[in-house]
Amino acid sequence: MITVSKLSIGTWGVEISWDREKLAQLKVGSLCGVTVTPDQPILIGEQKYPLVVFPTRVTPTFDLEQTGDGIPCANETMANEIVQVIQAKNQTVPHVGLMSVPGFFSIATISNVDVCRDNLVLFKFHVPRIINGERCGFSLRIYKTSLDKPRELSWEKMLPTTNARTAQKLFRQKNEEMKVEEMASKRACALADAKTKSEPNLSAIQLKVLSKAYPETVAFLAKPDAGNAAAAFAAYQRETLALTGHLTGSLDKDEFAKAAKVLINASRRKNPALNDVEFQLVAGWRLRGYDRMTPQQRFD
């Protein structure tokens with residue numbers, strides 16, 4: 001049986017046919033990324049986009065419904081990355097990873113990332129509004145869009161004109177301003193990324209220090225495997241509970257006995273699981289320049 005999904009971005013829309021039997025193999029409520037190539041590139045502002053990725057959800061009747069605004073993409077690489085992000089949101093447990101910044105490192109849960117985009121729109125009122133005695137026939141609006149919820153209005157500026165050409169000119173000016181800000185942000189991120197890559201990678205020694213407190217979790221992180229995400233999170237739950245007394249999430253019956261055993265072992269330790277000296281050495285290697293000190297300076 002064939003089902004038809006209606007997808008849209010702005011004023012452009014498309015209907016896609018699906019085999020309902022294939023959709024029935026997916027879990028109800030799961031998110032899917034659908035990549036569409038329009039006959040003509042989508043024009044947003046003055047930029048043309050040859051691809052659009054639509055975030056969709058499988059309904060109880062095994063149809064696909066659009067969950068958020070379509071995301072225009074400049075190339076296949078960008079489209080594939082967004083599809084992967086959409087698929088990752090189906091993960092039932094948080095990912096566990098190493099969080100590291102100069103002066104601090106820890107094992108932490110990482111929530112599924114989202115794709116948020118600011119979309120500038122020239123909005124025309126059916127009836128001009130009177131603002132401070134001026135007729136405003138248009139406004140500039142910025143909508144924040146994400147993968148699995150409707151767009152949200154985050155900024156609006158009334159335009160004191162009813163002339164379409166004047167409004168378009170103000171729209172183009174604001175669009176150029178946003179492009180300049182975006183390029184500056186990208187340059188700053190690129191510089192920060194280059195600086196990070198030029199510094200020594202301390203992940204291995206950081207994990208070694210943390211392995212005393214999180215032996216099972218670090219074993220999973222040392223050999224990453226997406227299929228072990230649930231087991232890695234369960235190990236992180238148990239070991240965090242033993243170390244801090246704080247439970248992240250909830251334990252099922254199978255995990256309760258394991259957690260109790262970890263707690264008993266932790267209570268028998270004579271020495272703390274984390275060595276303060278080792279932690280400070282690794283944390284301060286870049287932040288305090290320990291790598292540039294003599295052995296005696298580090299000792300002092």
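## A hairpin to start with

Strands β6 and β7 make a hairpin, with five residues between the two strands. In that turn, Phe62 has a positive phi of about 60 degrees. Bear in mind as you look around that this is a predicted model.

The pairing between β6 and strand β7, residues 64-66, is antiparallel and consists of three bridges. If you would like a landmark in the hairpin, take Thr56, which stands opposite Gln66 in β7.

## The other partners of β6

Strand β6 covers residues 51-58, and seven of its eight residues are buried, so the strand is mostly covered. Besides β7, it pairs with strand β3, residues 31-36, in the antiparallel sense over six bridges. Strand β8, residues 71-73, also runs antiparallel to β6 and is joined to it by three bridges.

Val52 is a handy residue to select here. Val36 stands opposite Val52 of β6, and Val52 also has Pro72 in β8 as a bridge partner.

## A three-stranded open sheet

Further along the chain you will find an open sheet of three strands, in the order β11-β12-β13, with antiparallel pairing. Its edges are β11 (117-131) and β13 (152-159); each has a single partner strand, so one side of each is left without a neighbour in the sheet. On average, neighbouring strands in this sheet are turned by 25 degrees against each other, with direction ignored.

Strand β12 takes in residues 134-145 and runs antiparallel to β11, with eleven bridges joining the two. One place to inspect this pairing is Arg117, whose bridge partner in β12 is Thr145.

## Two residues to zoom in on

Is Asn119 buried or exposed? This residue of strand β11 has a relative accessibility of 14%, and because that is under the 20% cut-off, Asn119 counts as buried. Leaving out residues up to four places away in sequence, Asn119 touches Ile44, Arg141, Ile142 and Tyr143.

Pro160 sits in the loop that lies between β13 and α3 (164-198). Its relative accessibility is 48%, and because this falls between the 20% and 50% cut-offs, Pro160 counts as partly exposed. Which residues does Pro160 contact, leaving aside its neighbours within four places in sequence? They are Glu134, Arg135 and Cys136. Pro160 can also be placed relative to Gly133: these two residues are 27 residues apart along the chain, and their C-alpha atoms are separated by 9.5 Å.

## The chain as a whole

Zooming out, the chain holds nine helices and 13 strands. Its radius of gyration is 26 Å, well over the 19 Å that the globule rule gives for 300 residues, so the chain is more spread out than a compact globule. Taken along the principal axes, the box filled by its C-alpha atoms is roughly 75 × 55 × 35 Å.

How much of the chain is buried? Buried residues make up 33% of the 300 residues. The accessible surface of the chain comes to about 19,100 Å², and carbon and sulfur atoms account for 54% of that. As for contacts with a separation of 6 or more, 52% are between residues 24 or more positions apart.

Conventions: Residues are numbered from 1 along each chain as its sequence is written. This is a predicted model: local features need pLDDT of at least 70, side-chain atom pairs count only at pLDDT 80 or more; totals for chains, interfaces and linings use all residues. Side-chain values use heavy atoms; hydrogens and water are left out. Two strands pair if DSSP finds at least two bridges between them. Helices (H or I, at least four residues) and strands (E, at least two) are DSSP runs, numbered from the N terminus. Axes are lines fitted to C-alpha atoms, for helices over the stretch in contact, and angles run from 0 to 180 degrees between N-to-C directions. The radius of gyration is taken over C-alpha atoms; the globule rule is 2.2 Å times the number of residues to the power 0.38. Buried means under 20% relative accessible area, exposed over 50%, partly exposed in between (1.4 Å probe, protein chains only). Contact means heavy atoms within 4.5 Å. Accessible areas come from the Shrake-Rupley method with a 1.4 Å probe; for residues, only the protein chains shown count as cover.
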